[in-house]
Amino acid sequence: MRPTAAAEATLLKNPLAKPEQRWPAPDPSVWTFHRRMPAYSATTLYDGPDLAAKYGVKRVLVKAETQRLGLPSFKILGASWASYRALCDHLGFDPEPWANVNDLSRRIAYLRPFSFAAATDGNHGRAVAFMARLLGFSCRIFVPKGTVPARIHAIQNEGAEVTVVDGDYDAAVARSAEEASDRCLVISDTSWPGYDVTPRRVVDGYTTIFLEIEQALAAAGVGAPDVVIVPMGVGAFMSAAVSYYRSRPWTGALVGVEPADANCIQASATAGEMTAVPGPHRSIMVGLNCGLPSPVAWPRVSTGVDWMVSIGDERAREGMRGLAGSGVVAGETGAAALGALAALAEDDATAAFRDAGLLGPDKTVLLMITEGATDRGHYQAVVGRAPEEVGTILTVAR
Ligand SMILES: Cc1ncc(COP(=O)(O)O)c(C=O)c1O
């Protein structure tokens, strides 16, 4: 057991869980759309025998969303689908048929000058900027004060104008909303009253990941995992996980991980309703530094997640190093699921999880690793090696 109480995780068996509740299965047209994106290929599902041995389970599967459609996180799946559907709404029709995004861009060129806007802590905004560039649009991205230069430059390199807002993520969201006009679509992954269609589509966009996993497991002849660990910021990604796993007769456990001082979903489940965890949120897991769940995500997340675990930054660093040992380059946020597995396997505070029989030599654990090395200086400081010395890197912050 870990000797340092300060690094202990906090575990919650979700009191709001309704594991018998079923949601509609993901819409397969989302995956069809992603297949038409440039350089689409399914991300790798790694088998991690060293990690399985270390944490005493039969198998650790790693879905590595560290390089996706040319970007270092899964977020482009949501941003691309949501921006496409927002565009269809704006046009009033689907601009089909189009074979690839160049083709689509030509068909809608008459809209220009046209732009997208979004708020971000890094990955979503970069993905929206990337999509705007592909479509020949301009883009304005709003980031919270304190966003590291590497993340800002990565967004600027996609051709977007970046504005640093004097406030936190929620202030950046509020500022981005002011951009909406007949020449600018706001592509937010967070909802607010009167704005929820696009955030729902962002969630739908993420479901491609789970369909790819299903296909990879079937091809490998491996059954469904017993435990699936998903990082949670506002909960949109977890909402997609719930959509997939709770649309079928799956009896495994869905586990959400958050940073210790930004565990708004765990706090909300404890309170029985959406509850804010005030900042400042200073975790190195910056993609998870959110103080309030997304209202769009909350109905699925609150009922579909079985366990919630909050971890300290040292667990995220441990996750980065553990994944590096298996040749997977994951950033601070990206490695949270492995940090959570370590905490669930080792901490005194998580004994209830082990007592429930969820870890053991007959269990398969699936880790959703959501981000590559988006801050290479910090990556090297934590792991002791540059990203490209650890694994094949196609997309790091430039
Ligand atoms: C790399 C990464 N992982 C996980 C998340 C969490 O996603 P959500 O906010 O949808 O819960 C984010 C959100 O920004 C992210 O950037």
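Valine 62 stands opposite leucine 367 in strand β11 in this predicted model. The two strands concerned, β3 and β11 (residues 364-369), run parallel and are joined by 6 bridges. Strand β3 also pairs with strand β2 (residues 45-47), here in the antiparallel sense and over 3 bridges. Within that pairing, leucine 61 of β3 is the bridge partner of aspartate 47. Of the 6 residues of β3 (residues 59-64), 5 are buried, so the strand is largely enclosed by the rest of the structure.

**Nonpolar core**

Leucine 367 reappears in the largest nonpolar core, which has 122 residues; it belongs to the group that touches the most other members, together with Val128, Ile229, Ala241, Val309, Ala337 and Ala340. This core draws at least three residues from each of domain 1 (5-73 + 200-390) and domain 2 (76-196). In soluble globular proteins, nonpolar side chains tend to be buried together. Alanine 241 has contacts with Phe210, Val228, Val230 and Leu254, residues up to four places away in sequence being left out of the count.

Ala337 and Ala340 lie in helix α13, where Ala336, Leu338, Gly339, Leu341, Ala342, Ala343 and Leu344 are buried as well. Helix α13 (residues 336-346) is largely enclosed by the rest of the structure, because 9 of its 11 residues are buried.

**Domains and their contact**

The domain assignment divides the chain into domain 1 (5-73 + 200-390) and domain 2 (76-196). Their C-alpha centres are 25 Å apart. Domain 1 contributes 34 residues to the contact, and domain 2 contributes 29 residues. On the side of domain 1 that touches domain 2, the elements giving two or more residues are α1 (28-35) and α8 (197-220). Helix α8 supplies the largest share of that side, 9 residues. By residue class, this side of domain 1 comprises 16 nonpolar, 10 polar and 8 charged residues.

**Surroundings of the ligand**

Which residues come nearest to the ligand? Of the 20 residues around it, these are Gly233, Ala236, Gly287, Thr370 and Glu371. The elements that give two or more residues to this shell are α5 (123-135) and α9 (236-245). Helix α9 gives the most, with 3 residues. The shell consists of 8 nonpolar, 9 polar and 3 charged residues. Both domain 1 (5-73 + 200-390) and domain 2 (76-196) are represented in the shell around the ligand, each by at least three residues.

**Two residues of domain 2**

Valine 143 is situated in strand β5 (residues 138-144). Valine 143 is buried, because 24 other C-beta atoms lie within 10 Å. Apart from residues up to four places away in sequence, valine 143 touches Thr120, Gly125, Ile152, Val162, Val164, Val165 and Ala172. From valine 143 to methionine 37, the C-alpha to C-alpha distance is 26 Å, for a sequence separation of 106 residues.

Aspartate 170 belongs to helix α7 (residues 169-177). Is aspartate 170 buried or partly exposed? Aspartate 170 has 18 C-beta neighbours inside 10 Å and therefore counts as partly exposed. The C-alpha atoms of aspartate 170 and glycine 327 are separated by 35 Å, with these positions 157 residues apart along the chain.**Backbone geometry in loops**

Most residues other than glycine have a negative phi, and most peptide bonds are trans. The table gives four departures from that pattern.

| Site | Backbone feature | Value |
|---|---|---|
| Arginine 112 to proline 113 | cis peptide bond | omega near 5° |
| Glycine 279 to proline 280 | cis peptide bond | omega near 0° |
| Alanine 39 | positive phi | phi near 60° |
| Leucine 69 | positive phi | phi about 50° |

Proline 113 is found in the loop between α4 (101-107) and β4 (115-119). Proline 280 is in the loop between α10 (264-271) and α11 (298-304).

The two residues with positive phi also lie in loops: alanine 39 between α1 and β2, and leucine 69 between β3 and α3 (75-91). Alanine 39 is exposed, because 9 other C-beta atoms lie within 10 Å. Leucine 69 has 22 C-beta neighbours inside 10 Å and so counts as buried.

Conventions. Residues are numbered from 1 along each chain as its sequence is written. This is a predicted model: local features need pLDDT of at least 70, side-chain atom pairs count only at pLDDT 80 or more; totals for chains, interfaces and linings use all residues. A residue is near a molecule or strand if its C-beta atom, placed from the backbone, lies within 6 Å of it. Helices (H or I, at least four residues) and strands (E, at least two) are DSSP runs, numbered from the N terminus. Ala, Val, Leu, Ile, Met, Phe, Trp, Tyr, Cys and Pro count as nonpolar, Asp, Glu, Lys and Arg as charged, and the others, Gly among them, as polar. Domain bounds come from an automatic or database domain assignment. A residue is buried if 20 or more other C-beta atoms lie within 10 Å of its own, exposed if 12 or fewer, and partly exposed in between; C-beta atoms are placed from the backbone. Two residues are in contact if their C-beta atoms, placed from the backbone, lie within 7 Å. A nonpolar core is a set of buried Ala, Val, Leu, Ile, Met, Phe, Trp, Tyr and Cys residues joined through C-beta atoms within 7 Å. Two strands pair if DSSP finds at least two bridges between them.
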